[in-house]
Amino acid sequence: LSRKVFTNGKSDVELVASLYADSLEESFASVRKIVLTRTGWGDNEATQLAAMLPLARNLQLLDLRQNWGIGRPGAQALADAIDARAAPLLQYVHLARNSKAMVEGPLAKACKARGILTRMEA
């Protein structure tokens, strides 16, 4: 947005940024299921998702199957979010066909500690 030209200059940039943020928060709060199967994601994307999970107040299912690029750093970021009680209604995380770090690492342990069911098979 900072590279866009607005009629009222900087004040419009701030207004539009605020409107975008409000819209994102409102939309993400209502999401009940996130399916990210075979996205080709890695640690950076998993870390960004982890940062968004606190907004996912109604999320019940998170499907991360077949994202081999998510290793220990991404799994740890997601685990930290789960440990911090992000996505308070989360009941189920699908981790099949992922790296060992995802299936056996901190994310699986964080889910277990919170009583979130995980599925490791396809």
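## Helix α5 and its surroundings

In this predicted model, the buried residues of α5 pack against four elements: α3 (72–83), β3 (92–94), α4 (100–104) and β4 (117–119). Helix α5 itself covers residues 106–114, and its buried residues are Pro106, Leu107, Ala108, Ala110, Cys111 and Arg114.

An α-helix has 3.6 residues a turn, so residues three or four places apart point the same way. Several of the buried positions in α5 can be read with this spacing in mind, among them Leu107, Ala110, Cys111 and Arg114. Just after α5, Gly115 adopts a positive phi of about 80°.

## The packing of α3 and α5

The axes of α3 and α5 lie 7 Å apart, and the two helices pack at an angle of about 15°. Angles under 35 degrees count as roughly parallel, and α3 and α5 are therefore roughly parallel to each other. Their crossing is left-handed.

On the α3 side, the contact is made by Arg72, Ala75, Gln76, Leu78, Ala79, Ile82 and Asp83. On the α5 side, Pro106, Leu107, Ala110, Cys111 and Arg114 take part. By type, the residues of this contact comprise eight nonpolar, one polar and three charged. Among the α5 residues in the contact is Arg114, a charged residue that is also buried.

## The nonpolar core

The largest nonpolar core contains 30 residues. Within this core, the residues with the most contacts are Leu53, Leu59, Leu62, Leu64, Leu78, Leu90 and Leu107. Helices α2 (43–52), α3 and α5 each contribute at least two residues to the core, and its largest share, six residues, comes from α3.

Two of the residues named for their many core contacts, Leu78 and Leu107, also belong to the contact between α3 and α5. Another of them, Leu53, touches Phe28, Leu59, Leu78, Ala81, Ala86 and Ala87, leaving aside residues up to four places away in sequence.

## The chain as a whole

The chain has five helices and four strands. Read from the N terminus, these elements follow the order α-β-α-β-α-β-α-α-β. The C-alpha atoms fill a box of roughly 55 × 25 × 20 Å along the principal axes.

Of the 122 residues in the chain, 39% count as buried. Contacts also link distant parts of the sequence: among those between residues at least 6 apart, 83% join residues at least 24 apart.

How values were computed: Residues numbered from 1 in each chain as written. Predicted model: local features only at pLDDT ≥ 70, side-chain atom pairs only at ≥ 80, totals over all residues. Heavy atoms only, no water. Buried < 20%, exposed > 50% of the residue type's maximum accessible area, 1.4 Å probe, protein only. Contact = heavy atoms within 4.5 Å. Core = buried A, V, L, I, M, F, W, Y, C linked by side-chain atoms within 4.5 Å. Axes fitted to C-alpha atoms, helices over the stretch in contact; angles between N-to-C directions. Parallel < 35°, antiparallel > 145°, perpendicular 65-115°, else oblique. Left-handed = near helix turned anticlockwise from the far one by under 90°.
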